[in-house]
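Work through the exercises below with the sequence and the model open. Each one has a task sentence and a solution in steps.

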Amino acid sequence: MGDGEREGPTMTDAKDHDAHAVTKVTPPGRVVALTGADGFLGRNLIGLLEDDDRVSRIVALDVERPATAGRKTRFYKVDLTQPRVDARLAEIFASEQVDTLLHMAFLSSPTHASAWAHELESVGTLHVLNACRERPVHKFVLWSHTILYGASPRNPNFLPETHPLRGHSESRFLRDKIEAEQVVASFARSSPGTLVTVLRLAPILGPTVKNYLTRYLGRSMVPTVMGFDPLMQFLHEVDALAAFKLAVMRDIPGVFNIVGDGVLPLSTVIHLTGRIGLPIPHPVMYPIVSALWTAQLSEAPPTFVDYARWLCVADGDKALRELKFRPAFTTREAVLDYAHSQRMRDAHLLRTTP
Amino acid sequence: MARKVLGNDPFGGDSPKPATASAKKPVPPAKKSAAAAKKGEKKKPAVTEEAPAITAAPDPAPAPDSPAPSLEKAAGAEVEEPSLESVIAQLDALLDQARDPAESRPLLDRLASRLKALTRPEEERALAPAPAAAPVLDDEPFDAARELLGSDYYLRRWGQTAIRDRSEEVDDFGLDPEYARRWQPVWDLLYDRWWRVEVEGIENVPTTGRVALVANHSGAIPLDGIMLATALRKEHPGARPLRWLAEDFIFHFPFAGAYLNRLGAVRACQENAERLLRKDACLALFPEGVKGIAKPFRERYQLQRFGRGGHIKLAIRTGTPIIPVTIVGAEETWPMLFQSGRLSKMLGLPFVPITPTFPLLGPLGLAGLPARWKIVFGEPMAMDAYRPEQSEDIVLVNRLNEKLRETIQGTLDRLLRARQSVFKG
């Protein structure tokens with residue numbers, strides 16, 4: 001559910017794993033449930049949590065069973081766009097005694113199916129929160145994005161968590177996620193019994209992740225906006241996973257920007273990936289991208305051109321101070337790591353990652 | 001194809017060492033037979049040093065005492081495998097010496113690849129071209145290329161071709177030191193020859209620690225930030241790097257914002273200024289803002305309102321001493337004849353200045369007239385006598401702001417009285 005790359009749900013084994021499930025005793029460790037378990041983050045987190053002794057059970061919720069599901073994982077086929085899904089979720093939370101919920105059923109790339117995306121992200125979050133009201137969990141962790149702050153020439157160089165989310169209002173992709181953050185914020189206020197942690201991740205780059213950004217930088221000619229060269233900030237995929245793992249293991253509520261250290265101008269990013277920038281004047285850039293998006297030839301709608309013009313860089317100090325999260329990779333290293341595997345893909349030495 | 005590009009040596013300009021230049025020829029993921037043949041010449045790096053560029057030709061024969069040209073790949077390959085690795089390692093080490101010794105990332109890279117392997121699902125891990133040797137049986141040349149592409153060496157080379165005139169890194173606020181250095185001769189020329197800048201009181205700027213330089217903003221084209229930075233770089237004993245806050249509109253506009261940002265300008269806002277000062281930067285502020293540079297020529301050297309005292313609040317909050325800076329000469333460099341309202345609306349700028357030189361002479365007109373500049377650094381105003389919470393004391397802030405403004409206006413008047421001629425100083 002998380003990648004927007006899905007070929008279509010397969011109607012196979014829905015609840016195969018809990019058929020031969022163990023007896024329902026209170027497990028000694030944490031029980032972690034993930035929505036969007038078959039997305040990039042969910043899939044890899046399941047793999048990581050499988051290896052962690054402090055987690056006794058993983059409850060994977062998605063429309064498709066993640067390939068990384070192992071011994072500890074129980075898969076439930078749950079479609080958040082269905083109307084009565086909240087009752088079913090509450091049921092699962094109760095029967096599995098879920099104490100930590102990672103809500104990651106979001107699209108990592110813009111989609112043309114915006115009505116469905118709205119149902120999944122904005123309304124789906126409401127369903128998940130309703131289930132949490134019905135059967136409270138100990139901790140609720142939300143996957144969010146720093147791009148929700150919006151790119152603007154008036155942004156300070158480092159956006160704090162308190163900065164309003166001013167992502168382009170015409171972008172359904174951003175608006176749905178902002179709405180999800182808003183309902184989670186009001187849930188946090190009204191449910192003091194649940195710790196709510198919101199992780200706003202910088203755009204993720206890395207050797208195996210696939211999203212609109214990796215496709216954009218993977219073009220042989222990368223279109224840029226003439227005369228603009230904003231500072232970019234990325235997060236390595238390993239750091240993204242580490243941040244979620246940290247949020248699972250430590251009970252620290254709040255909103256945190258999760259970002260890689262350092263910034264790079266877009267032009268340098270393109271050079272580091274070995275691509276050629278194609279500067280286009282901004283008055284014609286928007287119509288061109290709009291036409292390409294309509295023709296499904298562009299990675300992102302024209303509202304994303306703003307990010308190639310202006311700053312949208314977040315301040316990760318709070319995550320370091322309170323969550324004690326220190327990224328292992330800088331922005332530059334994330335770009336290099338991505339470029340490295342991208343080149344091997346270009347040379348057909350690396351199969352595209354699942 | 002690839003082999004030809006590498007044979008031409010696009011990297012040659014960067015590294016003068018002939019050894020490294022010729023050494024990288026073995027790299028390309030070329031045709032199978034050729035790559036296999038390469039092994040012969042790679043075996044002894046000592047030889048490659050004298051080997052002329054022609055060795056890039058597919059025929060490995062010219063290398064004098066190379067072992068039997070291993071065009072038949074099966075037999076010889078397995079024996080030579082370790083030597084290939086060692087040569088690559090050697091080349092790597094050589095490169096590291098030739099280039100910046102500070103750049104030693106191998107440890108991090110090793111960590112990265114290990115983590116990568118961890119996060120990758122099972123089947124992928126099996127398929128992975130990771131440096132994990134992947135012993136080869138049938139398609140051996142193919143795997144050699146895979147290994148080369150996987151090495152950090154190739155990546156660095158690749159990066160170098162693309163980034164000739166820039167450093168690969170900028171600081172947190174976008175300053176690219178390498179890029180800024182390339183532009184220095186231009187600013188030096190303007191500073192020394194065109195405006196013949198005279199500096200007074202530079203010793204008031206401390207060599208270390210946070211400090212805010214508050215200056216008058218003047219001249220229709222705001223290059224005073226760059227000149228202030230040039231003055232500090234050339235005249236200050238510590239060659240203190242300066243960051244300055246630039247108006248918002250510059251960042252709306254193509255080219256100007258990106259360009260000035262690489263040179264050290266930062267968008268003017270409280271968050272940026274505070275972050276920079278907390279890092280003990282030397283920061284220049286122009287509290288008049290656009291009003292200072294957009295005023296007509298007849299109002300030259302009359303200080304406008306000093307904002308709402310944000311710079312004073314900032315200084316109190318961060319305990320930063322303020323140095324009043326007076327700049328004379330910029331007003332006559334670009335005397336604003338009039339402003340084009342229609343043009344500015346069209347371009348989305350707060351004003352478009354029409355000066356005797358600017359739109360007329362094109363980009364050259366940006367240099368303006370050769371008026372003589374004088375920059376005076378005043379006595380520091382210490383702010384540590386105040387508690388941080390006093391930054392909310394509006395009366396105090398206004399009083400200090402007025403005092404600062406009067407200091408600068410006083411210096412301006414003194415300098416203008418003492419000045420004999422606009423152009424001779």
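**Exercise 1. Chain B as a whole**

Task: State what share of the contacts in chain B between residues at least 6 apart in sequence joins residues at least 24 apart.

Solution. Step 1: In this predicted model, 77% of the contacts in chain B between residues at least 6 apart join residues at least 24 apart. Step 2: The chain that makes these contacts has 20 helices and nine strands. Step 3: Chain B has 425 residues, and 49% of them count as buried. Step 4: Its accessible surface comes to about 20,600 Å², with 60% belonging to carbon and sulfur atoms.

**Exercise 2. Confidence in chain A**

Task: Find where in chain A pLDDT stays under 50.

Solution. Step 1: The mean pLDDT of chain A is 89, and 91% of its residues reach 70 or more. Step 2: The stretch with pLDDT under 50 covers residues 1-25 of chain A. Step 3: For that stretch the model has 62 contacts beyond four places in sequence.

**Exercise 3. A salt bridge between a strand and a loop**

Task: Locate the partners of the salt bridge between Arg267(B) and Asp248(B), and say whether each is buried or partly exposed.

Solution. Step 1: The closest N and O atoms of Arg267(B) and Asp248(B) are 2.7 Å apart. Step 2: Arg267(B) belongs to strand E4 (residues 265-267) of chain B, while Asp248(B) sits in the loop between strand E3 (242-246) and helix H12 (249-252) of chain B, so the salt bridge ties together parts 19 residues apart in sequence. Step 3: Arg267(B) has 8% relative accessibility, under the 20% limit, and therefore counts as buried. Step 4: Asp248(B), at 25%, falls between 20% and 50% and therefore counts as partly exposed. Step 5: This pair belongs to a structure that holds 30 salt bridges over all chains.

**Exercise 4. Glu274(B) and its partners**

Task: Which salt bridges does Glu274(B) form with Arg278(B) and Arg317(B), and where do the residues lie?

Solution. Step 1: Arg278(B) forms a salt bridge with Glu274(B), the closest N and O atoms being 2.9 Å apart. Step 2: Both residues are in helix H14 (residues 270-278) of chain B, four residues apart, about one turn of the helix. Step 3: Arg317(B) also forms a salt bridge with Glu274(B), with closest N and O atoms 2.9 Å apart. Step 4: This second pair links distant parts of the chain, as Arg317(B) is in helix H16 (residues 310-318) of chain B and Glu274(B) in helix H14 of chain B, 43 residues apart. Step 5: Arg278(B) is partly exposed, with a relative accessible area of 43%, and Arg317(B) is partly exposed at 24%.

**Exercise 5. The buried side of H16(B)**

Task: List the buried residues of H16(B) and the elements they pack against.

Solution. Step 1: The buried residues are His311(B), Ile312(B), Leu314(B), Ala315(B), Ile316(B) and Thr318(B). Step 2: These residues pack against strand E2 (211-215), H14, strand E5 (282-285), strand E6 (322-328) and helix H20 (394-418) of chain B. Step 3: After H16(B) comes Gly319(B), whose phi is positive, near 60°.

**Exercise 6. Two aromatic pairs**

Task: Classify two of the 15 aromatic pairs that the structure holds over all chains.

Solution. Step 1: The ring centres of Phe140(A) and Phe187(A) are 5.9 Å apart and the planes stand at 55°, so this pair is tilted. Step 2: The pair links distant parts of the chain, with Phe140(A) in strand E5 (residues 139-145) of chain A and Phe187(A) in helix H4 (residues 172-190) of chain A, 47 residues apart. Step 3: Phe140(A) is buried at 0% relative accessibility, and Phe187(A) is buried at 1%. Step 4: The rings of Tyr179(B) and Tyr259(B) have centres 6.2 Å apart and planes at 80°, so the pair is edge-to-face. Step 5: Tyr179(B) lies in helix H10 (residues 177-194) of chain B and Tyr259(B) in helix H13 (residues 256-263) of chain B, so the pair ties together parts 80 residues apart in sequence. Step 6: Tyr179(B) counts as buried at 15% relative accessibility.

Key. Residues are numbered from 1 along each chain as its sequence is written. Chains are lettered from A and ligands numbered from 1 in the order in which they are written. This is a predicted model: local features need pLDDT of at least 70, side-chain atom pairs count only at pLDDT 80 or more; totals for chains, interfaces and linings use all residues. Side-chain values use heavy atoms; hydrogens and water are left out. pLDDT is the predictor's confidence in each residue, from 0 to 100. Contact means heavy atoms within 4.5 Å. A salt bridge is a side-chain nitrogen of Lys or Arg within 4 Å of a carboxyl oxygen of Asp or Glu. Helices (H or I, at least four residues) and strands (E, at least two) are DSSP runs, numbered from the N terminus. Buried means under 20% relative accessible area, exposed over 50%, partly exposed in between (1.4 Å probe, protein chains only). Rings of Phe, Tyr and Trp (its six-membered ring) pair if their centres lie within 6.5 Å; planes under 30 degrees apart count as stacked, over 60 as edge-to-face and the rest as tilted. Accessible areas come from the Shrake-Rupley method with a 1.4 Å probe; for residues, only the protein chains shown count as cover.
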